[in-house]
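Subject: Structure handover

Hello,

Here is the structure I said I would pass on. My notes on it follow below the model.

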Amino acid sequence: MLQRKQTLFLLCVMILSFVGVLLPLGTIEPEGMGVGDMVYNICIRKGDGGMSLSVLPLFILDVLVFVISLLTIFLYKNRLLQAKLCISCILLLVVWYAYLIYCWTSIFSVSGTFHVGFSSLLPLINIILCWMARHGIMSDEKLVRSMDRIR
């Protein structure tokens, strides 16, 4: 199971999803005087000590990607379902970016200027890794089908 390259890709997706939840997505610098806000996947930590859960869907999408990647690793006998689950992870990550852009244009712009952090790139890396895992799964499926024709 762990010797397949797509399993390693999916394991990296799980690790990056977990790390992405812990690190801040960026900061919101206020236009006037004041302390900036830190934006995480689960909440926005206000400079005055308050919290806003307006970005909670980002956390939910990240957790779904983590769970689907874990499930995909253990479904190694059903390669076609694995490939579909990889596509669903990619779609969830695209929705994650769409919601981040929505938050950027509507929620963050009201408070000040949003500065993107490093962990905002982790879902893009996850999209690439899921695509590579799907490619490996489909090449394994093609190999198995070609071996069935020879018999």
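**Salt bridges**

Asp140 is partly exposed, with a relative accessible area of 23%. This is a predicted model, so please read the distances and areas below as values computed from its atoms.

Asp140 pairs with Arg4 through a salt bridge between their side chains, with N to O at 3.3 Å. Asp140 belongs to helix α4 and Arg4 to the segment before α1, so this pair ties together parts that are 136 residues apart in sequence. Arg4 counts as buried because its relative accessible area is 16%, and the cut-off for buried is under 20%.

By the rule used here, the count of salt bridges is three. Another of them joins the side chains of Glu141 and Arg79, at 2.8 Å from N to O. This pair also links distant parts of the chain: Glu141 sits in helix α4 and Arg79 in helix α3 (residues 79-111), 62 residues apart. Both Glu141 and Arg79 are buried.

Glu141 has a salt bridge with Arg145 as well, where the closest N and O atoms are 2.9 Å apart. Glu141 and Arg145 are four residues apart in helix α4, so about one helical turn separates them. The relative accessible area is 10% for Glu141, which is buried, and 45% for Arg145, which is partly exposed. Through shared partners, the salt bridges join Arg79, Glu141 and Arg145 into one network. As background, side chains of opposite charge can pair when their charged atoms come close.

**Cysteines**

How many disulfides does a search of the whole structure find? The search finds zero. The sulfur of Cys43 has its closest cysteine sulfur in Cys103, at 13 Å, which is too far for a bond. The cut-off for a disulfide is 2.5 Å between the sulfur atoms. Seen from the other side, the sulfur of Cys103 has its closest cysteine sulfur in Cys43, again at 13 Å and too far for a bond. Cys43 is buried at 5% relative accessible area, and Cys103 is buried at 0%.

**Nonpolar surface patch**

Eight named residues make up a nonpolar patch on the surface: Phe18, Leu22, Leu23, Phe118, Leu121, Leu124, Ile128 and Met132. Together they have about 770 Å² of accessible area. Helices α1 (5-22) and α4 (122-150) each supply at least two residues of the patch. The most comes from α4, which gives three residues. Phe18, one of the patch residues, is found in helix α1.

**Three polar residues**

Ser120 lies in the loop between β5 (112-116) and α4. Is Ser120 buried or exposed? Ser120 counts as buried, because its relative accessibility is 4%. A polar atom of the Ser120 side chain is 2.8 Å from the backbone oxygen of Leu25. Not counting neighbours within four places in sequence, Ser120 is in contact with Leu25, Trp96, Tyr97 and Leu100. Leu25 therefore appears twice for Ser120, in the polar pair and in the contact list, with Ser120 itself buried at 4% relative accessibility.

Asn126 is a residue of helix α4. At 1% relative accessibility, Asn126 is also counted as buried. Which residues does Asn126 touch, not counting those up to four places away in sequence? They are Cys12, Val13, Leu16, Ser17 and Leu93.

Ser111 is in helix α3. With a relative accessible area of 32%, Ser111 is partly exposed. Leaving aside neighbours within four places in sequence, the contacts of Ser111 are Ile28, Glu29, Pro30, Glu31 and Asp37. Gln6 is 105 residues from Ser111 in sequence, and their C-alpha atoms are 42 Å apart in space.

**Recap**

For quick reference, these are the points on pairing and burial:

- Asp140 and Arg4 form a salt bridge at 3.3 Å.
- Arg79, Glu141 and Arg145 are joined into one network by salt bridges that share partners.
- Zero disulfides are found in the whole structure.
- Helix α4 gives the most to the nonpolar patch, with three residues.
- Ser120 is buried at 4% relative accessibility, and Asn126 is buried at 1%.

Regards

Conventions: Residues numbered from 1 in each chain as written. Predicted model: local features only at pLDDT ≥ 70, side-chain atom pairs only at ≥ 80, totals over all residues. Heavy atoms only, no water. Patch = residues over 30% accessible without salt bridge, like charges linked within 9 Å, V, L, I, M, F, W, Y side chains within 5 Å. Areas by Shrake-Rupley, 256 points an atom, 1.4 Å probe, with all protein chains shown as cover. Salt bridge = Lys/Arg side-chain N within 4 Å of Asp/Glu carboxyl O. Buried < 20%, exposed > 50% of the residue type's maximum accessible area, 1.4 Å probe, protein only. Polar contact = N/O pair within 3.5 Å; in protein donor to acceptor, adjacent residues only side chain to side chain. Contact = heavy atoms within 4.5 Å.
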